[in-house]
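Student: Please take a close look at the salt bridges in this model, and set them against the rest of the chain. Burial and place in the fold would be useful for each partner.

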Amino acid sequence: MVERIDWNVGRVADLLRAQGKLDNTIVVFLSDNGAEGAIVEAMPIIGPVFAKMVREHCDNSLDNLGKPGSYSWYGPRWAQAATAPSRLTKAYTTEGGIRVPTFIRYPAAARRGISHSFATVMDLAPTFLELAGLAHPGSHYQGRAITGLRGRSLAAHLRKETDTAHPEGTFTGWELFGRRGVRRDEWKAVYVPADDGAPHWQLYNLASDPGEIDDLASTHPEILRELLKYWERYVRETGVIETPLSIFDAPESAFQTSHWAAAAKA
């Protein structure tokens, strides 16, 4: 798959170069989020469907793994190894579930090298609009109500006019399957199973603890309270329906969380 992606991205670049458009094009490449750590066969409702499909139509013998006709996943332990040193995996709001590499090629940009500034996929649309000299239509388009953009343009950051992609104080929220997260500058709160397997709001300083190992909720309760105000604002703005953690948080997920904490501290 990596080889095919590399080849086809190269075909697009070759065509743009042949047309004289490559240096007037912004190319953004980013991965999907997280490593797949689900125990698919254990999922209620859809688990038996997957198991039956694999049993009847796939060859998951050792010699055929990863080849045509196989359908396999490597589960939470190997997924955690794949996202290390970030914590947890796909479908979690921790860094292992949402942090991805991104490559941007924009010849007109003054910024070169690696930027560690936080940004999100929501920033791409406003970036493209600004670089193309276009304006977002606002709340309506062709007589229909539309949702406004939540991201921020990265153009100034690419021009090296700002040190960070987002202005200081910008907050971002996430949620999936009852798992929640909110970030403001270097502080991040997440609501996921803790070491005891039960869900709690946890607090981390990503500048000093990018692996989200040391929960600071008890030592910095005032910061957690402030972040939860931003979470409540995110809920109001996006219409999130807050539900308990989903059925995907089986005992294996609790083991995965505590296993990660023990391994990280070791």
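Tutor: Burial first: a residue is called buried under 20% relative accessible area, exposed over 50%, and partly exposed in between, with a 1.4 Å probe and protein chains only. The model is predicted, so local features need pLDDT of at least 70 and side-chain atom pairs pLDDT 80 or more, while totals for chains, interfaces and linings use all residues. Residues are numbered from 1 along each chain as its sequence is written, and side-chain values use heavy atoms, without hydrogens or water.

The setting is a protein chain of 266 residues, of which 32% count as buried. It has eight helices and eight strands (DSSP runs numbered from the N terminus, H or I of at least four residues for helices, E of at least two for strands). The C-alpha trace spans about 55 × 50 × 45 Å along its principal axes.

Within this chain, a search of the whole structure gives 13 salt bridges (a side-chain nitrogen of Lys or Arg within 4 Å of a carboxyl oxygen of Asp or Glu). Among the residues taking part, E95, R99, K188 and E212 are joined in a network.

K188 is the residue to follow through that network. With E95 it makes a salt bridge in which the closest N and O atoms are 2.7 Å apart. Since K188 belongs to strand 7 and E95 to helix 4 (residues 95–98), this pair ties together parts 93 residues apart in sequence. Both K188 and E95 are buried. K188 also meets the side chain of E212 in a salt bridge, at 3.1 Å from N to O. Here the second partner, E212, sits in the loop between strand 8 and helix 7 (221–238), so the pair with K188 of strand 7 connects parts 24 residues apart in sequence. E212 is buried, as is K188.

The pair D23 and R105 can be set beside that network. Their side chains form a salt bridge with an N to O distance of 3.3 Å. It links distant parts of the chain, 82 residues apart: D23 is in the loop between helix 1 and strand 1 (27–30), and R105 is in strand 2 (residues 102–105). D23 counts as exposed because its relative accessible area is 56%. R105, at 38%, is partly exposed.

Two further places complete the picture of the surface and the fold. M1, I5, V9, F29 and F103 make up a nonpolar surface patch (nonpolar side chains joined within 5 Å, like charges within 9 Å, over 30% relative accessible area and no salt bridge). Together these residues have about 540 Å² of accessible area (Shrake-Rupley, 1.4 Å probe, only the protein chains shown as cover). I5 of this patch lies in helix 1 (residues 2–18), and its relative accessible area of 36% makes I5 partly exposed. F177 is placed in the loop between strand 5 (171–176) and strand 6 (179–184). At 35% relative accessibility, F177 is partly exposed too. Its C-alpha is 8.1 Å from that of T243, a residue 66 positions away in sequence.
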